[in-house]
Amino acid sequence: MTDSIDEAVRRLVDEREIVGLAVRYCLAVDARDYDALRDVFVADATACFAGRDEIGLEAIIGRCRDTLDPCDATQHLVSNHLVTLEGDTATAQCELQAQHVRRGGDGGSTFTLGGRYRDRVTRTPAGWRIAHRELEVVWIAGNPGVLGRPPGP
Amino acid sequence: MTDSIDEAVRRLVDEREIVGLAVRYCLAVDARDYDALRDVFVADATACFAGRDEIGLEAIIGRCRDTLDPCDATQHLVSNHLVTLEGDTATAQCELQAQHVRRGGDGGSTFTLGGRYRDRVTRTPAGWRIAHRELEVVWIAGNPGVLGRPPGP
Amino acid sequence: MTDSIDEAVRRLVDEREIVGLAVRYCLAVDARDYDALRDVFVADATACFAGRDEIGLEAIIGRCRDTLDPCDATQHLVSNHLVTLEGDTATAQCELQAQHVRRGGDGGSTFTLGGRYRDRVTRTPAGWRIAHRELEVVWIAGNPGVLGRPPGP
């Protein structure tokens with residue numbers, strides 16, 4: 001191990017917190033607790049979802065709300081976390097599988113999106129936060145009408 | 001980092017073992033090695049699956065057996081682990097995607113369940129163990145008849 | 001904790017790198033960057049995919065290429081990582097859910113494979129590498145014709 005023990009521990013703790021950001025984002029949107037996103041992103045964060053324009057935090061929250069509120073249930077799974085630390089900033093990416101469900105008289109309907117989040121994250125006095133998030137869509141299946149807003153650009 | 005290095009390492013090791021509990025549960029049930037669940041739960045553990053009554057360890061094992069034995073194959077994926085340590089106890093939650101397969105003359109059939117485990121875990125002389133588990137079902141898809149017992153209450 | 005702090009940190013760092021191997025394999029094949037597999041496996045690595053014959057690294061790369069190149073998109077999710085360290089070698093296993101997509105005039109088609117990787121990994125001067133990989137297929141769904149080569153033996 002080339003790191004000193006102290007340095008190795010600091011890296012492990014940082015990586016754990018950065019992976020935790022991706023998890024807390026999922027919990028926030030799946031619980032429709034959009035205000036909790038303010039503890040995931042920095043105040044001047046930006047995001048590009050699925051090749052659309054870059055938007056700021058209020059628009060990120062609005063986009064999540066518009067897309068997910070019409071669903072009866074959603075589940076965002078993230079895995080394959082890869083974090084590259086560079087001091088007080090880092091890049092982080094993970095794979096996403098998001099399930100969206102609308103229950104209905106006809107047995108309901110689902111829409112599944114497989115994608116990849118690529119984040120730039122930054123250390124703040126309150127902990128690590130996402131400064132920029134990109135969502136690349138890899139595959140979709142099911143009925144996009146389940147969403148309040150289609151996933152495309 | 002507010003923790004001392006030693007304290008940070010102890011937390012990382014604890015979290016790793018607690019995440020390992022969720023993984024070992026999956027391996028046990030997917031291998032139909034129900035006795036291995038005795039090394040995942042404390043002897044007086046309780047669980048609530050999908051809003052049903054609270055049950056003890058023997059009933060947990062019986063419920064897993066009754067539900068999964070009729071399946072030809074199952075795969076329990078867990079991700080989005082979130083652990084909150086409080087000394088010798090902790091809360092742990094993760095997302096679950098469970099696939100259940102029954103092969104058959106007509107090409108077979110699958111039942112998929114997306115949910116969330118919420119666990120209270122406790123440190124024992126033998127390591128961390130689950131003291132209480134709740135399974136919240138978020139979505140289901142496919143044919144519930146694949147299971148020996150339906151997932152509802 | 002029975003380990004000394006230093007030993008515990010070394011184990012955490014080793015486990016993190018070994019889990020990273022499984023993640024980098026997925027990134028390489030999903031990006032069709034097959035040469036990157038040379039930084040995931042040792043040069044004399046072997047693999048058994050889905051009960052087929054044991055093959056060497058060039059054949060592993062060829063098999064990935066033949067299977068995945070016809071797909072328009074793939075996503076390999078790995079989770080449930082379990083690493084058992086034994087000095088400079090380790091066993092590692094994880095669950096896999098691989099999605100394969102071919103887009104087409106008829107709305108396209110998908111093939112999903114659920115399985116389990118069981119790896120023997122080894123420490124090299126360049127870091128941890130996979131020495132032997134086995135893929136056990138647990139379930140499949142969808143249209144195997146999406147692949148360039150069927151997943152069976």
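Two strands count as paired here if DSSP finds at least two bridges between them, and with that in hand I would like to start from the sheet of chain C. What we have in front of us is a predicted model, so please hear everything that follows as a description of that model.

In chain C there is an open sheet of six strands, in the order β2-β1-β6-β5-β4-β3, and the pairing within it is mixed. At the edges stand β2, residues 55-56, and β3, residues 73-86, of chain C, and because each has a single partner strand, one side of each is left without a neighbour in the sheet. The partner relation of β3(C) with β4(C), residues 89-102, is antiparallel and runs over 12 bridges; to place it in the sequence, C:Thr74 has C:His100 of β4(C) as its bridge partner. Helix α1 of chain C, residues 5-30, packs on this sheet, where it touches β3, β4, β5 (109-124) and β6 (127-142) of chain C, and the direction of the helix makes about 160° with that of β3(C).

Let me turn to chain B. Its open sheet of six strands has the order β2-β1-β6-β5-β4-β3, again with mixed pairing, and the edge strands are β2 (55-56) and β3 (73-86) of chain B, each of which pairs on one side only. Where does a parallel pair sit in this sheet? Strands β1(B), residues 41-49, and β6(B), residues 127-142, run parallel and are joined by five bridges, and within that pair B:Ala47 has B:Arg133 of β6(B) as its bridge partner. Helix α1(B) lies across β3, β4 (89-102), β5 (109-124) and β6 of chain B, running at about 160° to β3(B).

For chain A, I will pick out the antiparallel pairs. Strand β4(A) runs antiparallel to β5(A), residues 109-124, with 14 bridges joining them, and the bridge partner of A:Val101 in β5(A) is A:Thr110. Strand β5(A) is in turn joined by 14 bridges to β6(A), also in the antiparallel sense; these two strands form a hairpin with two residues between them, and along the pair A:Arg116 stands opposite A:Glu136 of β6(A).

Now to the way the chains come together. Two copies of a chain are related by a rotation about an axis and a shift along it. In this model, chain A can be laid on chain B with an RMSD of 0.0 Å by a turn of 120° and a shift of 0.0 Å along the axis, which is the relation of a three-fold axis.

On one side, 16 residues of chain A are in contact with 14 residues of chain B. The elements of chain A that give two or more residues to this side are α1 (5-30), β3 (73-86) and β4 (89-102), and the largest share, eight residues, comes from α1(A). By class, the residues that chain A presents to chain B are nine nonpolar, four polar and three charged.

On the side that touches chain C, 14 residues of chain A are in contact with 16 residues of chain C. Here α1, β3, β4 and β6 (127-142) of chain A each supply at least two residues, and α1(A) again gives the largest share, four residues. This side divides into nine nonpolar, four polar and one charged.

Why can we say that the copies meet through different surfaces? Only 19% of the interface residues of chain A are also interface residues in chain B, and the copies therefore meet through different surfaces.

Finally, the helices. The axes of α1(A) and α1(B), residues 5-30 of chain B, come within 10 Å and cross at roughly 45°, so the two helices are oblique to each other, and their crossing is left-handed. The contact is made by A:Asp6, A:Val9, A:Leu12, A:Val13 and A:Arg16 on α1(A), and by B:Ile5, B:Ala8, B:Val9 and B:Leu12 on α1(B); seven of these residues are nonpolar, none polar and two charged.

Helices α1(B) and α1(C) pack at an angle of about 45° with their axes 10 Å apart, which makes α1(B) oblique to α1(C), and α1(B) passes α1(C) in a left-handed crossing. From α1(B) the contact takes B:Asp6, B:Val9, B:Leu12, B:Val13 and B:Arg16, and from α1(C) it takes C:Ile5, C:Ala8, C:Val9 and C:Leu12, with seven nonpolar, no polar and two charged residues by class.

Definitions and conventions
Residues numbered from 1 in each chain as written. Chains lettered and ligands numbered in written order. Predicted model: local features only at pLDDT ≥ 70, side-chain atom pairs only at ≥ 80, totals over all residues. Contact = placed C-beta atoms within 7 Å. Nonpolar A, V, L, I, M, F, W, Y, C, P; charged D, E, K, R; others polar. Least-squares fit on C-alpha atoms with pLDDT ≥ 70 in both. Axes fitted to C-alpha atoms, helices over the stretch in contact; angles between N-to-C directions. Parallel < 35°, antiparallel > 145°, perpendicular 65-115°, else oblique. Left-handed = near helix turned anticlockwise from the far one by under 90°.
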